[in-house]
Amino acid sequence: MWINERLRQERFLSAVKENSGVFYRYAYSVLLNRTDAEDAVSEMVLKAFEHLKELKNIHKMRSWMFQILANTCKTMLSKRKQASEFHTKMQ
């Protein structure tokens, strides 16, 4: 359980700093685009921060953030595919 909001936010910032490179490499390996990978990590950080109060176990923060990142990448791939299909249909 979290002691207070400040501790929660400090732990979050620490997790982001400690894992930013790993998060980026994961996103890049899925999206194969530098800009998209950077956007995915940024979006994950925002989503995770917005839902930080929902995290019950501090020891699961990193895996929780990876799950958010994986879902973000999946959504981006889906949107990319839809845009490609739309572009193809319009030609």
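Which residue forms a salt bridge with Glu43? In this predicted model, the partner is Lys47, and the closest N and O atoms of the two residues are 3.0 Å apart. Both residues belong to helix α2, which spans residues 34-50, and because they are four residues apart there, about one helical turn separates them. Glu43 is partly exposed, at 33% relative accessibility, and Lys47 is also partly exposed, at 28%.

The Glu43 and Lys47 contact belongs to a set of four salt bridges in the structure. Helix α1 offers two further examples to look at. One of these joins Glu10 to Arg6, with 3.1 Å between the closest N and O atoms. Here again the spacing is four residues within helix α1, so the two residues sit about one helical turn apart. Arg6 is exposed, with a relative accessibility of 63%, whereas Glu10 is partly exposed at 42%.

The other example pairs the side chains of Glu5 and Arg8, with an N to O distance of 3.9 Å. This value falls inside the 4 Å cut-off, so the contact counts as a salt bridge. Glu5 and Arg8 are three residues apart in helix α1 (residues 5-31), a separation of about one helical turn. In this pair, Arg8 is buried, its relative accessible area being 11%, while Glu5 is partly exposed at 34%.

Aromatic contacts come next, and a search of the whole structure finds four aromatic pairs. Among them, Tyr24 and Tyr28 are stacked, with ring centres 6.2 Å apart and an angle of 25° between the planes. These two tyrosines are four residues apart in helix α1, so they too are separated by about one helical turn. Tyr24 is partly exposed at 26% relative accessibility, and Tyr28 is partly exposed with a relative accessible area of 37%. A pair of another geometry is formed by Tyr26 and Phe66: the ring centres lie 5.9 Å apart and the planes meet at 90°, so this pair is edge-to-face. It links distant parts of the chain, with Tyr26 in helix α1 and Phe66 in helix α3 (residues 61-90), 40 residues apart. Phe66 is buried, with a relative accessible area of 19%; because the limit for burial is 20%, this value lies just under it. Tyr26, in turn, is partly exposed at 30%. The contact also has company, as ring pairs link Phe23, Tyr26 and Phe66 into a cluster.

Definitions and conventions. Residues numbered from 1 in each chain as written. Predicted model: local features only at pLDDT ≥ 70, side-chain atom pairs only at ≥ 80, totals over all residues. Heavy atoms only, no water. Buried < 20%, exposed > 50% of the residue type's maximum accessible area, 1.4 Å probe, protein only. Phe/Tyr/Trp six-rings, centres within 6.5 Å; stacked < 30°, edge-to-face > 60°.
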